[in-house]
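Colleague: I'm new to this one, so could you take me through a single part of it up close? The largest pocket would be a good place to begin.

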Amino acid sequence: MTAAVAEIEVDKKTGEITVKKITLTHDCGLIVNPDGLKNQIEGNIIQGVSRALMEEVQFDTTGQKNLDWDSYPVIRFNLVPDVEIFLINRPEMQPLGGGEPSIVPITAAIGNAFFDATGVRLRRAPFTPERVLAALKA
């Protein structure tokens with residue numbers, strides 16, 4: 001089980017969302033390798049932020065448009081947020097898995113932070129500047 005909180009800034013003129021920090025708690029039963037687990041979770045958080053803000057496969061009438069990493073947007077180092085991770089170790093349980101579940105709450109945490117900041121719900125990811133501006137104007 002995971003839970004996440006996002007701290008963001010919203011530029012209402014450009015529609016840009018900047019994720020400043022993600023705090024995530026992860027309950028994965030018995031923790032065998034805490035350092036390796038944190039590394040895996042950090043990677044999933046960063047990928048989750050990237051998916052929430054910019055990653056989207058584009059299609060047109062001929063098929064998929066972005067066929068390489070140059071045309072597929074992914075987060076860059078200058079946009080990686082601070083990450084704080086809290087692990088819940090339950091030695092009485094078996095290891096429950098520690099990587100991929102941490103990506104699940106990231107988009108919702110960013111969306112909820114946006115709602116808290118603006119009073120507006122974003123209903124479609126990724127939260128691109130165009131979608132943010134449209135939601136703010138609606």
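Modeller: Sure, let's start there: the largest pocket holds about 280 Å³ of space. By pocket I mean, on a 1 Å grid over the protein atoms alone, an open set of points where a 1.4 Å probe fits, with protein on both sides within 12 Å along at least five of seven lines; lining residues have an atom within 4 Å of a point. The volume is the space filled by probe spheres set on the points, which are joined across faces, edges and corners. There are 15 lining residues, and E16, L53, M54, T128 and P129 are the closest to the pocket's centre. Keep in mind that this is a predicted model, where local features need pLDDT of at least 70, side-chain atom pairs count only at pLDDT 80 or more, and totals for chains, interfaces and linings use all residues. Residues are numbered from 1 along each chain as its sequence is written, and side-chain values use heavy atoms, without hydrogens and water.

Strand β2 (residues 17-27) gives the largest share of the lining, three residues; strands are DSSP runs of E, at least two residues, and helices are runs of H or I, at least four, numbered from the N terminus. By type, the lining has nine nonpolar, four polar and two charged residues. Here Ala, Val, Leu, Ile, Met, Phe, Trp, Tyr, Cys and Pro count as nonpolar, Asp, Glu, Lys and Arg as charged, and the others, Gly among them, as polar.

One more detail: the peptide bond from A125 to P126 is cis, with omega near 0°, and P126 is in the loop between α2 and α3 (129-137). As for α2, the crossing of α1 and α2 is right-handed, meaning the near helix is turned clockwise from the far one by less than a right angle.
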